[in-house]
Amino acid sequence: RIVKFAYDNIPFYRDFYKKQNFNPGQLLTEKDWSAVPIITKHDIKNNTQNIINPSVPKSRLRISTTGGSTGVPLLVYFDKKVPLDSIGWRTMSWWGIAPWENQAYVFRSVRKGFAKIINSIIWFPTRRALLDCSSMSTDGIDGFVTMINKIKPTFIQGYVGGVYDLAKHIRAKSLKVPKLKAIWVTSAPLSESTRSFIEETFKAPVYDQYGCSEMFWLAAECKLKNGLHALSDIRHIEFLNENNLIVEDGDFGEVVITDLENEVFPIIRYKNGDSGRNLKHRCECGLPFPLIDKIKGRTTDNIKVPSGITVNGSYLTTIFDDYPHLIDG
């Protein structure tokens with residue numbers, strides 16, 4: 001459906017598919033999916049405006065910028081009418097978390113000033129604590145810890161590196177933290193040693209979630225942590241070899257993803273620069289979603305500056321968020 005929609009409505013896909021001698025009419029069986037041409041970061045970067053659905057008013061477009069951690073920052077769009085938050089709420093329910101519970105975040109996109117006030121009003125009476133990983137000073141972390149002890153969030157969500165640094169600070173200063181249901185990390189590979197350190201510090205389970213700025217909510221762990229459940233009802237994830245052929249389950253390949261929901265800016269069979277694999281086993285949790293392994297993808301380091309502030313690597317890749325067209329990798 002999404003391929004036919006893109007061919008009929010999106011200038012880029014219509015021209016691109018014709019140049020590749022492909023027509024959606026060729027898709028007769030599941031095996032024919034491999035005939036759909038693959039797109040890359042450079043395809044999106046060089047054709048951004050022609051991927052936008054021309055029949056959709058600009059007021060419906062929600063901008064998302066990638067960090068360029070694999071060398072090519074991008075500008076993509078989502079449909080404001082598609083309730084992306086509900087996808088997150090579904091996954092949070094696997095961990096026993098409800099969307100109206102108090103929450104804490106360690107991210108780069110931390111609202112400040114008037115935007116923070118508006119966000120607080122929207123989510124009232126839910127309370128939120130925010131730590132900006134772009135400048136994690138000692139005072140800033142201490143203030144965040146004070147805040148989470150005050151509002152007692154049921155979970156913390158954040159970048160792997162940012163949450164790890166938070167845990168190190170708490171451990172080093174023997175700070176008290178509230179009881180949490182879960183810690184939800186994303187945006188970088190999660191090693192077992194890092195997971196163990198964070199879990200021991202907070203006395204709470206850590207769950208890995210995979211997504212990217214081009215396509216939120218690709219896969220996430222359940223409580224059993226037997227792998228990440230691919231959200232196959234809204235995303236299609238493939239792992240391909242160097243010849244763009246699907247690898248056997250258990251073998252690693254390049255990640256190729258398709259968004260089955262986004263009709264304002266369709267992303268179909270897109271190589272995002274990560275690598276991973278399907279797992280052969282099924283999970284005993286009862287969820288209907290297949291399992292993939294931890295993604296072997298982009299990693300970032302943190303930088304400590306002379307003043308003592310720690311700058312999270314995930315933030316450094318976003319310095320040119322507003323100017324992705326000026327960067328070429």
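This short talk describes helix packing, the nonpolar core and several backbone features of the structure shown above. The model is a predicted one.

I begin with helix 8, residues 160-173, and its packing against helix 9, residues 192-202. The two axes lie 9 Å apart, at an angle of about 45 degrees. An angle between 35 and 65 degrees falls in neither the roughly parallel nor the roughly perpendicular class, and helix 8 and helix 9 are therefore oblique to each other. Their crossing is left-handed. On the side of helix 8, the contact is formed by Val160, Val163, Tyr164, Leu166, Ala167, Lys168, Ile170 and Arg171. Helix 9 contributes Thr194, Phe197, Ile198, Glu200, Thr201 and Phe202. By class, nine of the residues in this contact are nonpolar, two are polar and three are charged.

Helix 8 also packs against helix 7, which spans residues 138-151. Here the axes come within 11 Å and cross at roughly 85 degrees, which makes helix 7 roughly perpendicular to helix 8. From helix 7, the participants are Thr138, Ile141, Asp142, Phe144 and Val145; from helix 8, they are Leu166, His169, Ile170 and Lys173. This contact comprises five nonpolar, two polar and two charged residues.

Leu166 appears in the contact with helix 9 and again in the contact with helix 7. Which residues have the most contacts inside the largest nonpolar core? They are Leu166 and Phe202, in a core of 93 residues. With residues up to four places away in sequence left out, Leu166 touches Val106, Leu131, Met136, Ile141, Phe144, Val145, Ile156 and Phe202. Two of the names just given, Ile141 and Phe144, belong to the helix 7 side of the contact with helix 8, while Phe202 belongs to helix 9. As general background, nonpolar side chains in soluble globular proteins tend to be buried together.

I turn next to the backbone. Where does the cis peptide bond occur? It joins Phe124 and Pro125, with omega about 10 degrees. Pro125 sits in the loop between helix 6, residues 113-122, and strand 4, residues 128-132.

Positive phi values in residues other than glycine also deserve attention. Ser174 has phi near 55 degrees and is placed in the loop between helix 8 and strand 6, residues 182-186. Because its relative accessibility is 64%, Ser174 counts as exposed. Trp217 likewise has a positive phi, near 55 degrees, but its place is in strand 8, residues 215-221. Is Trp217 buried or exposed? Its relative accessible area is 10%, so Trp217 is buried.

Trp217 leads us to helix 5, residues 84-94, where Thr91 is found. Thr91 has 0% relative accessibility and therefore counts as buried. Leaving aside neighbours within four places in sequence, Thr91 is in contact with Trp217, Ala220 and Leu231.

Finally, I come to helix 1, residues 2-9. Its buried residues include Ile2, Val3, Phe5, Ala6 and Tyr7. What covers them? The cover includes helix 2, residues 11-19, and strand 11, residues 253-259.

To close, I return to helix 8: it is oblique to helix 9 and roughly perpendicular to helix 7. Its residue Leu166 is, with Phe202, among those with the most contacts inside the largest nonpolar core.

Conventions: Residues numbered from 1 in each chain as written. Predicted model: local features only at pLDDT ≥ 70, side-chain atom pairs only at ≥ 80, totals over all residues. Heavy atoms only, no water. Axes fitted to C-alpha atoms, helices over the stretch in contact; angles between N-to-C directions. Helix = DSSP H or I, 4+ residues; strand = E, 2+ residues; numbered from the N terminus. Parallel < 35°, antiparallel > 145°, perpendicular 65-115°, else oblique. Left-handed = near helix turned anticlockwise from the far one by under 90°. Contact = heavy atoms within 4.5 Å. Nonpolar A, V, L, I, M, F, W, Y, C, P; charged D, E, K, R; others polar. Core = buried A, V, L, I, M, F, W, Y, C linked by side-chain atoms within 4.5 Å. Buried < 20%, exposed > 50% of the residue type's maximum accessible area, 1.4 Å probe, protein only.
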